[in-house]
Amino acid sequence: MAKNKNTRPQPWNTADIPDQTGRTAVVTGANSGLGLATARALAGAGAHVVLAVRDTTRGEAAAETVRGSVEVRRLDLADLSSVRAFAAGWQGDLDLLINNAGVMNIPEARTKDGFEMQFGTNHLGHFALTNLLLPHITDRVVTLSSAAHRTPGSPRIHFDNLDLTGEYGPITAYSQSKLANLLFTLELQRRLGAAGSPVRALAAHPGWAATNLQGRDANVLRRAVLRLGNRLIAQDSQAGALPTLYAAVQDLPGASYVGPGGMFETRGAPTLVGRSPAASDPATARRLWTVSEELTGVTFPEPAVRARG
């Protein structure tokens, strides 16, 4: 029988996730949105998934909607003592760490440790968590960034004023934190490779996915525009989670960056995507790493990583 010439391969989706039986994953911010969609997909493929959430009551309610093996553990990325407690309580191997949680375009605020909230939560909290858990991680770390790392205005790391004191802008702070996520991934992969570790660091972005983040924008007008965009343009959270899942289970090189392959990377099937020159600068990545170690008091566990590798 002749093949139908109009037949096209189906876009990559959750049905393409390999069997995850016997694997353990931690997903931060997994009580809603992209994190919950990611947890559902991994648990549905057989993984044991830990929902690492700030509000365990909401986390337990979310866990009840997930088919498969799940548990809920408390983690507040805006509080380094909570990050340390979470990591200290971990026993055994951890195959996959998904650094998904984040805040976006919020009014100026500080973490418990005094850092600007978006930089402190999106970058420093995950920086500390990853390094503290690295001795347990066997496969990979996937960190969620954003296309906002390249917003107009040349986003950069404000090393002279990381908290943006006196010059805070919600979008500037968010863009800085998402740029930091990519630089963190770049330097983490370099360090893992130098240590001879098989663990890989990758990054992903969801495109425009309709989540509750848009409803927390500091600007009322921008919040209304984003909500309209959620209805007219955005993917749902299941589609938005696909780049993260692709980065988590496909055989990709370390430091890969995955996003939607469709219109302006706002939607579509997951694929490898580019990043800004600022997000590709190894010198800036090393400088950010050094500063992050100083701010968090957490360092790269090289002896443990070498031993595992």
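Start by selecting Glu108 and Arg110, whose side chains meet in a salt bridge at 3.7 Å, N to O. A salt bridge here is a side-chain nitrogen of Lys or Arg within 4 Å of a carboxyl oxygen of Asp or Glu. Glu108 is partly exposed, with a relative accessible area of 45%, and Arg110 is also partly exposed, at 31%. On that scale, buried means under 20% relative accessible area, exposed means over 50%, and partly exposed lies in between (1.4 Å probe, protein chains only).

Before moving on, keep in mind that this is a predicted model, in which local features need pLDDT of at least 70 and side-chain atom pairs count only at pLDDT 80 or more, while totals for chains, interfaces and linings use all residues. Residues are numbered from 1 along each chain as its sequence is written, and side-chain values use heavy atoms, with hydrogens and water left out.

**Stop 2: more charged pairs**

By the salt-bridge rule, the count comes to 10. Side chains of opposite charge can pair when their charged atoms come close. For another example, select Arg190 and Glu187, which meet in a salt bridge at 2.7 Å, N to O. Both lie in helix H5 (residues 170–194), three residues apart, about one turn of the helix. Helices (H or I, at least four residues) and strands (E, at least two) are DSSP runs, numbered from the N terminus. Colour this pair by accessibility: Arg190 is partly exposed at 39%, whereas Glu187 is buried at 1%.

Next, select Arg200 and Asp251, a salt bridge whose closest N and O atoms are 2.9 Å apart. Arg200 lies in strand S6 (residues 200–204) and Asp251 in the loop between helix H8 (242–249) and strand S7 (257–260), so the pair ties together parts that are 51 residues apart in sequence. Arg200 counts as buried at 19%, while Asp251 is exposed at 69%. Now add Arg23, Asp139 and Arg140 to the selection: salt bridges that share partners join them with Arg200 and Asp251 into one network.

**Stop 3: the parallel strands**

Show strand S1 (residues 24–28). Five of its five residues are buried, so S1 is largely enclosed by the rest of the structure. Turn on the side chains: Thr24, Val26 and Thr28 point one way, and Ala25 and Val27 the other way. In a regular strand the side chains alternate between the two faces of the sheet.

Which strands pair with S1? One is S2, in the parallel sense over five bridges; another is strand S4 (residues 94–99), in the parallel sense over three bridges. Two strands pair if DSSP finds at least two bridges between them. Ala25 is a handy residue to click, with Val49 as its bridge partner in S2 and Leu96 opposite it in S4. Thr24 has His48 as its bridge partner in S2.

Move to strand S2 (residues 48–53), where five of the six residues are buried, so S2 is largely enclosed by the rest of the structure. To get from S1 to S2 the chain passes through helix H1 (residues 33–44), and this β-α-β crossover is right-handed. That means that, with the strands pointing away from the viewer, the path from the first strand over the helix to the second runs clockwise. S2 also pairs with strand S3 (residues 69–74) in the parallel sense, over six bridges, and Val50 stands opposite Glu71 in S3. Follow S2, helix H2 (residues 56–63) and S3 to find a right-handed β-α-β unit.

**Stop 4: His126**

Select His126 in helix H4 (residues 117–133). Is His126 buried or exposed? At 1% relative accessibility, His126 counts as buried. Its side chain reaches the backbone oxygen of Asn122 at 3.1 Å, a polar contact (N or O atoms within 3.5 Å; within protein, one must be able to donate a hydrogen and the other to accept it, and residues adjacent in sequence count only if both atoms are side-chain atoms). Not counting residues up to four places away in sequence, His126 touches Thr28, Leu77, Asn99, Asn100, Ala101, Thr121 and Phe184. Contact means heavy atoms within 4.5 Å.

**Last stop: helix H9**

Finish at helix H9 (residues 282–296). Asp281 caps the N-terminal end of H9, with a side-chain oxygen 3.1 Å from the backbone nitrogen of Ala283. The buried residues of H9, including Leu288 and Trp289, pack against helix H3 (80–88), H4 and H5. Just after H9, Gly297 takes a positive phi of about 75°.

Terms used: The expected span of a helix is 1.5 Å times one less than its number of residues.
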